[in-house]
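Welcome! Have the structure open beside you and work through these short exercises one at a time.

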Amino acid sequence: MKKILALLMAIAMVLSLAACTTGGDETESSADASTPGTSEASEATDGTEATDPSEETDDPSVKSEGVMTYAEYIAAEVDTEVVIEAYVQAHQSWWDEQITVYAQDADGAYFLYNMACSEEDSEKLVAGTKIRVTGYKSEWSGEVEIIDATFEILEGSYIAEATDVTDLLGTDDLINYQNIFAAFKGMTVEASTDADGNEVAFLYKWNGSGTEGDDLYFNVSLNGQTYTFTVESYLTGSGTDVYEAVKTLEIGQVIDLEGFLYWYDGVNPHITSVTVVG
């Protein structure tokens, strides 16, 4: 009887050892199977190795504390102090510790006239640069701008795409897009009259009294209405693609244009690109 019991106990021990060995294999296999998942989770939570690309793109609609939204800027009274954040889209030539900047955010645009700026800092104001500006809201011949301004450069970058405002030409709504980077499609080149009474496609200065290097003025029409557009020499002067393109325009040509929706007693865009389409 004792022999039988001993035999049964030995068999039970063997079976128990076999079960432990099998269980250990399953545990090890489970750990191996979970390793890739564990590694991916670690990488996903590592801010340097698996950052969402969208998080690295600056949001042009977000403002710092104490900074006006575009709507608040528009609502501010003329001659009051304003503080805005925006992104440089282009700037005119630096001179006498001043610079004039075309800036924009997600909701609108700003014309920063003769802003205080060192020559060294002017070289940092490349397209896309984010700046905080403190100055005074002003208006001149319909153009709303910021004057007597200072600025600081911030982290972030944003370049606006051209907004097609062709259908808004001749409407009261167009002024709500003042200073943005805009596109005008299918415009027809109309004649201007120079100082000698000749019909020409463009003028040096508004009255034709200028020479090479001065602003270029030219007339374009849409739906029977004529508008005067400008190539601002301090922005895109002699030798630039747009300056030379306007000098080759012909009356009657159909062109597409891009530029900043400046205002001077009415719409008077500062054009940066001209393409002949017909």
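**Exercise 1.** Does Asp 105 count as buried or exposed, and at what relative accessibility?

*Solution.* Begin with the ground rules. This is a predicted model, where local features need pLDDT of at least 70, side-chain atom pairs count only at pLDDT 80 or more, and totals for chains, interfaces and linings use all residues. Residues are numbered from 1 along each chain as its sequence is written, and side-chain values use heavy atoms, leaving out hydrogens and water. Next, the cut-offs: buried means under 20% relative accessible area, exposed over 50%, and partly exposed in between (1.4 Å probe, protein chains only). Asp 105 has 1% relative accessibility, so Asp 105 counts as buried.

**Exercise 2.** Find the residue whose side chain meets that of Asp 105 in a salt bridge.

*Solution.* A salt bridge needs a side-chain nitrogen of Lys or Arg within 4 Å of a carboxyl oxygen of Asp or Glu. The partner is Lys 63, at 2.7 Å, N to O. The two sit in distant parts of the chain, 42 residues apart.

**Exercise 3.** Which salt bridges does Lys 247 form with Glu 212 and Glu 244?

*Solution.* First, Lys 247 meets Glu 212 at 3.1 Å, N to O. Glu 212 lies in a loop and Lys 247 in helix H4 (helices are DSSP runs of H or I, at least four residues, numbered from the N terminus), so this pair ties together parts 35 residues apart in sequence. Second, Lys 247 pairs with Glu 244, again with closest N and O atoms 3.1 Å apart. These two are three residues apart in helix H4, about one helical turn. Finally, check exposure: Lys 247 is partly exposed at 27%, as is Glu 244 at 30%.
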